[in-house]
Amino acid sequence: MQDENCVPVKVALQLMDTSSLGLAKQYPNFKETHQDLQLALQAIVNDHHQGFNSSIGAFHSIMRSITTSQSKVRELRESLVKAKEDLSTSKPEVKNMVDNSQKYDAMLQTLNQIEQLQLVPDKLEARISEKKFLSAVELLGDALKMIRQPDMMEVGALSDLRAYLGSQESSLADILVEELHNHLYLKSLYCNDRWKAYSANKTAYAPTSGPGRTLHKFLGAHDFTVPVYAIQSKNPEADSLQYIRLLLESLNNLGHLPNAIATVNQRLPVELFKLVDKTNLEVDQRHPSSLTRMKSRGMHTKKIDLGLNENDVRVTIIHDLLITLYSKFEAVMEGYRVIYDVVRGITKRSNTLGDTPESWKHGFIEVWQLIQSEMRSLLHDYLTQTDSRNPQSTAPKGTHNALANIFTNKAPRDKTKTIFKLSNTDVNSTSDLKEDQEDLQVILKASVPGLVSESLRPAVSSTDNSTSSDGAATGHKLLIEPSVFNIGLLLPPSLAFLNRIKEIVPTGSGIVLSTLPSFLDDFLVNVFYPSLEDTIRDLFNQTTGDVDAFHEDINWSKVSRKPIMKGTIAFLDLITAFCKMLESIPPDQAFGQLTIDLLTSYYDKCYEWFKDLVARADGVGENAVKASARWSQKDPMRSIIAKVWNNGEPCSPDVLKAEIEASMVEHKTRQITGLDLISDRKIINSLCILCTSMRWFASKVVALRHVEEPENFSKHDGGSSGGRMRRRWTLIDGVQRPHDENRPVYLPMTVDTVSAFDGVVASFQELAGTILYTLHAETRCRVLYHLGKAITEGNYCLDNPVATPDSNVLALNTDIVWFDEDISGALLPREIKFIHSHLGDLMDYILVARAADLQVLNADGADRMKMNIVVLQQNLRNIDESADLTRSSNFYSLYAAGMQDLIKRAKAGELEFNQEEVKVMVELYFSEAIQNRRESSSALQARRSLTEVQHQLEGVQWK
């Protein structure tokens with residue numbers, strides 16, 4: 001029964017059919033269902049009878065509304081038919097009304113446009129003041145398009161507004177270009193987060209790099225081929241890189257992008273120069289120039305500047321300058337990278353820019369070339385010292401000339417020239433005035449951007465270029481004195497900057513990344529190397545060519561236990577500073593050879609100084625030097641003295657005997673005179689200082705010895721400068737870290753070079769040994785000279801006893817005393833002991849061996865000779881406790897004991913003297929009587945006694 005095609009009668013008949021085909025069995029179910037439906041319907045009616053009643057009334061209302069609507073439609077249809085009939089009829093008055101209506105609509109539209117145009121200046125200025133340049137350009141473009149319509153051109157009242165908008169187009173373009181320069185060259189305060197200022201606790205230039213760089217994040221987050229729309233931001237300048245893009249998009253929408261790019265390329269050298277100059281000035285103001293100049297001047301007047309230590313204020317200055325300047329250079333390159341990518345994106349978007357991309361590609365190369373030029377000039381200025389930056393003349397030339405004219409009256413002042421002008425006042429030197437000017441410029445730029453143009457601001461000029469540039473090639477003021485030893489401070493930040501630039505340079509800019517540091521290689525070979533060699537040689541001549549270079553340094557106690565020459569300390573400082581500096585540049589065999597040449601030159605100077613000290617006043621040829629110097633340089637004496645030095649203490653008796661015998665032979669061959677002795681105490685002191693200096697210098701220099709493999713050195717292959725250097729500066733590990741003061745300093749050399757180095761170091765040791773041998777020989781020469789005079793010229797045939805020793809003995813003692821005083825403070829204990837060693841043995845030998853030179857000797861003379869021996873021994877023991885002249889004293893004691901005692905002791909074998917020595921004493925014993933010419937009988941008796949004694953001694957077995 002639920003089927004839509006159900007026939008109720010058919011179903012009723014089936015329910016009444018009791019056959020097997022009928023549904024009579026289901027009739028009770030049907031009646032039950034019918035009863036349920038009745039009950040359900042009754043329940044529904046009971047619950048909703050009011051709704052049913054209301055629906056009956058609503059139905060009638062709906063029917064009435066439908067009837068009313070049908071009547072209205074019929075009336076409307078009749079009205080439309082009538083209107084159609086009326087419109088089809090021609091009426092001229094209606095046509096005029098239509099035309100007038102169209103004219104009034106056009107006039108109203110024009111008035112509306114004029115009202116909109118009148119609001120443009122205020123809106124434009126508001127958007128420019130808020131620096132919403134993209135919307136300002138859009139507003140200005142729409143206004144110009146509207147005001148230049150033909151119907152607007154007929155409105156004469158709009159001529160002023162039309163001229164204003166036209167001028168605003170060029171003014172807005174200028175403002176955009178100026179704003180672009182402000183953010184390109186970091187003139188805006190909102191660019192401060194794009195570069196990192198120097199920090200005292202940060203010694204290296206290492207800002208954020210890699211994928212975390214702000215530039216890379218910006219470039220990766222924007223698609224420059226898609227136009228950018230005005231952004232509702234309170235401060236568009238907050239994001240400097242995005243602001244540069246907005247400026248470029250604004251210039252493109254304004255149609256001035258090609259001209260703007262040409263202007264940027266044209267102003268690039270000037271703006272970059274201003275950036276460097278401003279940074280230089282800021283660093284100079286952070287570090288007062290009076291302090292740095294005073295220290296610098298003091299260093300140059302008292303001591304040659306051989307590099308700066310970590311605590312020097314000038315190290316902070318150069319670090320501040322380089323790190324700050326390179327950080328700004330990097331920010332400038334980032335700005336140019338943004339411009340490059342934005343212009344390339346605009347070009348891909350529309351081909352309306354012509355050759356702008358190519359010109360901008362050239363501009364990117366140009367900015368790198370200019371930065372490279374600034375770096376090269378900066379390195380040149382702080383590494384090489386020209387005549388215009390002579391440290392002896394820190395004031396400008398004009399000042400020197402003016403002062404000279406005033407004090408000497410050589411030239412009257414030209415009264416036609418103005419001495420000074422108030423307009424030339426250095427604004428930068430007055431801090432209060434500068435702060436006020438900066439505040440005024442900030443207010444003007446914030447209120448009316450573009451009113452104060454950077455390019456139109458009056459620059460502070462000076463008629464004296466020397467006062468501003470200080471003689472620098474870059475035209476910037478030098479903050480510290482130039483020196484080749486500054487390379488260790490300049491190179492690490494420069495290399496770090498070049499490595500970071502690789503992350504900024506775009507792939508299609510025409511710059512090969514691998515060649516970025518190549519100009520440093522060119523600078524190294526073509527500028528720095530020649531200047532380095534010349535400077536090192538000049539410094540060598542200054543340190544070793546001064547008049548007091550061979551004098552004692554007043555501060556020698558800081559570096560040595562004994563006095564050292566001033567020139568030696570200065571030269572070692574030069575070599576050490578040179579080796580420290582070599583850690584900052586590629587190793588080169590030429591540097592090792594240069595050091596060897598300087599060492600050889602210094603050895604030659606020291607040897608010449610030694611020859612000057614030991615030269616005879618009237619000597620020529622072999623007699624050109626003192627006897628002691630001759631002994632110390634020629635065999636056999638040199639080899640024998642060397643054996644004494646090398647033998648140490650106690651010395652071998654055979655060596656001592658050989659030295660004494662050789663000394664006697666040398667003295668007999670060439671008699672020692674007063675001119676052969678070094679009588680000037682200053683010369684002795686100079687020899688001691690020279691000896692100590694040579695040993696000290698050799699010990700210090702040999703510590704620099706360091707052998708490296710040949711492949712670690714730079715190879716000069718010839719050809720262009722780029723091909724001359726096999727190793728790049730960027731491959732050097734030494735330049736990546738500052739020098740540690742506690743780390744040893746080395747001079748890298750090859751195996752071939754080190755042999756020459758060892759040879760010249762050995763020469764210094766040999767010269768020190770020669771000087772020491774000379775001083776050793778000098779004491780021997782003095783003993784030979786004075787004792788020889790005491791024996792040959794002394795009077796030992798006395799009529800009465802005397803209480804004073806011989807004058808020559810006293811002179812010898814005096815010489816020994818002051819000689820010991822001079823060497824004690826200048827030489828080491830072992831050297832002092834070597835010089836005075838075994839002097840007593842030589843004296844003892846001379847007093848006995850040369851007794852035959854005594855012409856006459858009597859008892860009082862023998863006593864005086866013994867007094868001489870006692871005086872010599874007492875004085876010598878103050879220097880050498882082991883000194884013993886017992887043998888010579890016993891020799892002259894034989895005289896007082898008499899000949900019988902001598903014969904008795906000789907026969908008993910108790911004498912310590914040989915036959916010749918006893919023979920001499922026997923002859924001296926009878927010499928007074930034999931020389932007595934007044935009593936010939938006494939002389940004859942003395943000769944007989946002499947013969948008798950000699951006869952008695954013939955059978956003695958001598959030792």
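Does Phe926 count as buried or exposed, and at what relative accessibility? Phe926 counts as buried, at 10% relative accessibility. Keep in mind for every view below that this is a predicted model.

**View 1. Tyr925 and Phe926 pair up edge-to-face.**
The program's rule gives 27 aromatic pairs for this model. In one of them, the rings of Tyr925 and Phe926 sit 5.1 Å apart, centre to centre, with 80 degrees between their planes. Anything over 60 degrees counts as edge-to-face, so that is the label here. Phe926 is buried at 10%, while its partner Tyr925 is partly exposed, with a relative accessible area of 27%.

**View 2. Trp818 and Phe819 make a tilted pair.**
Here the ring centres are 6.0 Å apart and the planes meet at 50 degrees. Both Trp818 and Phe819 are buried.

**View 3. Eight aromatic residues are gathered in one cluster: Phe540, Phe571, Tyr602, Tyr603, Tyr607, Phe610, Phe697 and Phe764.**
Look for the Phe and Tyr side chains from these positions in one cluster.

**View 4. Two charged side chains sit over Trp rings.**
Take Lys328 to begin with: it lies over the face of Trp195, and the distance to the ring centre is 4.6 Å. The other case is Arg830, whose charged end is over the ring of Trp645, 3.7 Å from the centre.

**View 5. Glu659 and Arg780 form a buried salt bridge.**
By the rule used here, the model has 27 salt bridges. In this one, the closest N and O atoms of Glu659 and Arg780 are 3.7 Å apart. The two residues are 121 apart in the chain, with Glu659 in helix 22 (residues 653-669) and Arg780 in helix 25. Glu659 and Arg780 are both buried.

**View 6. Helix 23 carries two arginines that reach out to glutamates, Arg681 to Glu821 and Arg695 to Glu831.**
For Arg681 and Glu821, the closest N and O atoms are 3.5 Å apart. Arg681 lies in helix 23 and Glu821 in helix 26 (residues 807-824), so this salt bridge ties together parts that are 140 residues apart in sequence. Arg681 is partly exposed, at a relative accessible area of 37%.
For Arg695 and Glu831, the closest N and O atoms are 3.1 Å apart. This pair also links distant parts of the chain: Arg695 is in helix 23 and Glu831 in helix 27 (residues 829-836), 136 residues apart. Arg695 counts as partly exposed at 21% relative accessibility, whereas Glu831 counts as buried at 5%.

**View 7. Glu178, Lys187, Arg267 and Glu271 share a network of salt bridges.**
Two of the four are glutamates, Glu178 and Glu271, and they are linked with Lys187 and Arg267.

**View 8. Helix 25 (residues 751-792) is mostly covered.**
How far apart are the end C-alpha atoms of helix 25? They are 60 Å apart, which agrees with the 62 Å that its 42 residues should span at 1.5 Å a residue. Of those 42 residues, 31 are buried. Arg780, from View 5, sits in this helix.

**View 9. Helix 16 (residues 487-501) is largely enclosed by the rest of the structure.**
Its 15 residues should span 21 Å, and its end C-alpha atoms are indeed 21 Å apart. Twelve of the 15 residues are buried, so the helix is largely enclosed. Among the buried ones are Ile487, Pro493, Ser494, Phe497 and Arg500.

**View 10. Leu940 sits in helix 34 (residues 936-952).**
Leu940 is partly exposed, with a relative accessible area of 42%. Its C-alpha atom is 7.2 Å from that of Ile930, a residue ten positions away along the chain.

**View 11. Confidence differs along the chain, from helix 24 (residues 721-724) to helix 23 (residues 681-702).**
The protein averages a pLDDT of 79, and 80% of the residues score at least 70. Confidence is highest in helix 23, at a mean of 93, and lowest in helix 24, at 38. The pLDDT is below 50 over residues 453-469, a stretch with 29 contacts in the model beyond near neighbours in sequence. Residues 716-739 are also below 50, and that stretch has 66 such contacts.

Technical notes
Residues are numbered from 1 along each chain as its sequence is written. Side-chain values use heavy atoms; hydrogens and water are left out. Rings of Phe, Tyr and Trp (its six-membered ring) pair if their centres lie within 6.5 Å; planes under 30 degrees apart count as stacked, over 60 as edge-to-face and the rest as tilted. Buried means under 20% relative accessible area, exposed over 50%, partly exposed in between (1.4 Å probe, protein chains only). A charge sits over a ring if NZ of Lys or CZ of Arg is within 6 Å of the ring centre and within 35 degrees of the ring normal. pLDDT is the predictor's confidence in each residue, from 0 to 100. Helices (H or I, at least four residues) and strands (E, at least two) are DSSP runs, numbered from the N terminus. Contact means heavy atoms within 4.5 Å. The expected span of a helix is 1.5 Å times one less than its number of residues. A salt bridge is a side-chain nitrogen of Lys or Arg within 4 Å of a carboxyl oxygen of Asp or Glu.
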